[in-house]
Amino acid sequence: MISSLEHMKNIDVRTVNPDELVDIKSVTINTTLPQNERLLDYLGQIKNPYCFKHGKTVIKIAFADTEATLEDRLEKYLLSI
């Protein structure tokens, strides 16, 4: 499983075949499921949580190895503008 996650994380958006990616617009979240099951359902639908598409646009996400949360980063950004 770990090597599979590493492979998904390391996909190059310049060479990936967009036809093989899931369009996030087709993913639905069943909010009646418990959190763990929602996560598993999402992962099952999206196939690769690091690389997917939105319409014709390929999306690649990465996570920084830090203790800062998204909320921390957004607050810092908003205070700086």
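**Local contacts and overall organisation of the predicted model**

Helix 2 is followed by K47, a residue whose phi is positive, near 70°. In this predicted model, K47 adopts that positive phi although it is not a glycine. Most residues other than glycine have a negative phi. K47 is located in the loop that runs between helix 2 (35-46) and strand 1 (51-54). With a relative accessible area of 56%, above the 50% cut-off, K47 is therefore classed as exposed. Helix 2 itself agrees with expectation: its 12 residues should span 16 Å at 1.5 Å a residue, and its end C-alpha atoms are indeed 16 Å apart.

The loop between helix 2 and strand 1 also holds N48. In contrast to the exposed K47, N48 has a relative accessible area of 7% and is therefore buried. Two polar contacts involve the side chain of N48. One reaches the backbone oxygen of M8 at 3.3 Å, and the other places a polar atom of the N48 side chain 3.3 Å from the backbone nitrogen of C51. When neighbours within four places in sequence are left aside, the residues in contact with N48 are M8 and I11. M8 thus appears both as a polar partner of the N48 side chain and in the list of residues that N48 contacts.

A further set of interactions centres on K60, in strand 2 (residues 57-60). The relative accessibility of K60 is 35%, so that K60 counts as partly exposed. The side chain of K60 reaches the backbone oxygen of I11 at 2.6 Å, and a polar atom of the same K60 side chain lies 2.9 Å from the backbone oxygen of K9. Apart from neighbours within four places in sequence, K60 is in contact with K9, N10, I11, V13, Y50 and C51. I11 is accordingly contacted by K60 and also by N48. As for D19, its C-alpha atom lies 15 Å from that of K60, the two residues being 41 apart in sequence.

The loop between helix 1 (2-9) and helix 2 contains D23. D23 is a buried charged residue without a salt bridge, and the nearest side chain of opposite charge, that of K25, is 4.2 Å away. Because a salt bridge requires a separation within 4 Å, the distance of 4.2 Å to K25 does not qualify. The D23 side chain does, however, have polar contacts with the backbone. It reaches the backbone nitrogen of K25 at 2.9 Å, while the backbone nitrogen of G55 lies 3.0 Å from a polar atom of the D23 side chain. Not counting residues up to four places away in sequence, D23 touches K53, H54 and G55. G55 therefore is both a touching residue and the source of a backbone nitrogen in a polar contact with D23, given the cut-off of 3.5 Å.

The count of salt bridges comes to 2. In one of them, the side chains of K9 and E6 meet with an N to O distance of 3.7 Å. K9 and E6 are 3 residues apart in helix 1, which means that about one helical turn separates them. Both partners are partly exposed: K9 has a relative accessible area of 36%, and E6 likewise has a relative accessibility of 36%. K9 also contributes the backbone oxygen found 2.9 Å from the side chain of K60. The other salt bridge joins the side chains of R14 and D12 at 2.9 Å, N to O. Here R14 is exposed, with a relative accessible area of 71%, whereas D12 counts as partly exposed at 26% relative accessibility.

At the level of the whole protein, the secondary structure comprises 3 helices and 2 strands, arranged along the sequence in the pattern α-α-β-β-α. The C-alpha trace spans about 40 × 35 × 30 Å along its principal axes. The radius of gyration of the protein is 15 Å, whereas a compact globule of 81 residues would have a value near 12 Å. Buried residues account for 16% of the 81 residues, D23 and N48 among them. Of the contacts between residues at least 6 apart in sequence, 54% join residues at least 24 apart.

Definitions and conventions:
Residues are numbered from 1 along each chain as its sequence is written. This is a predicted model: local features need pLDDT of at least 70, side-chain atom pairs count only at pLDDT 80 or more; totals for chains, interfaces and linings use all residues. Side-chain values use heavy atoms; hydrogens and water are left out. Helices (H or I, at least four residues) and strands (E, at least two) are DSSP runs, numbered from the N terminus. Buried means under 20% relative accessible area, exposed over 50%, partly exposed in between (1.4 Å probe, protein chains only). Contact means heavy atoms within 4.5 Å. A polar contact is a pair of N or O atoms within 3.5 Å; within protein, one must be able to donate a hydrogen and the other to accept it, and residues adjacent in sequence count only if both atoms are side-chain atoms. Lys and Arg count as positive and Asp and Glu as negative; His and the chain ends are not counted. The expected span of a helix is 1.5 Å times one less than its number of residues. The radius of gyration is taken over C-alpha atoms; the globule rule is 2.2 Å times the number of residues to the power 0.38.
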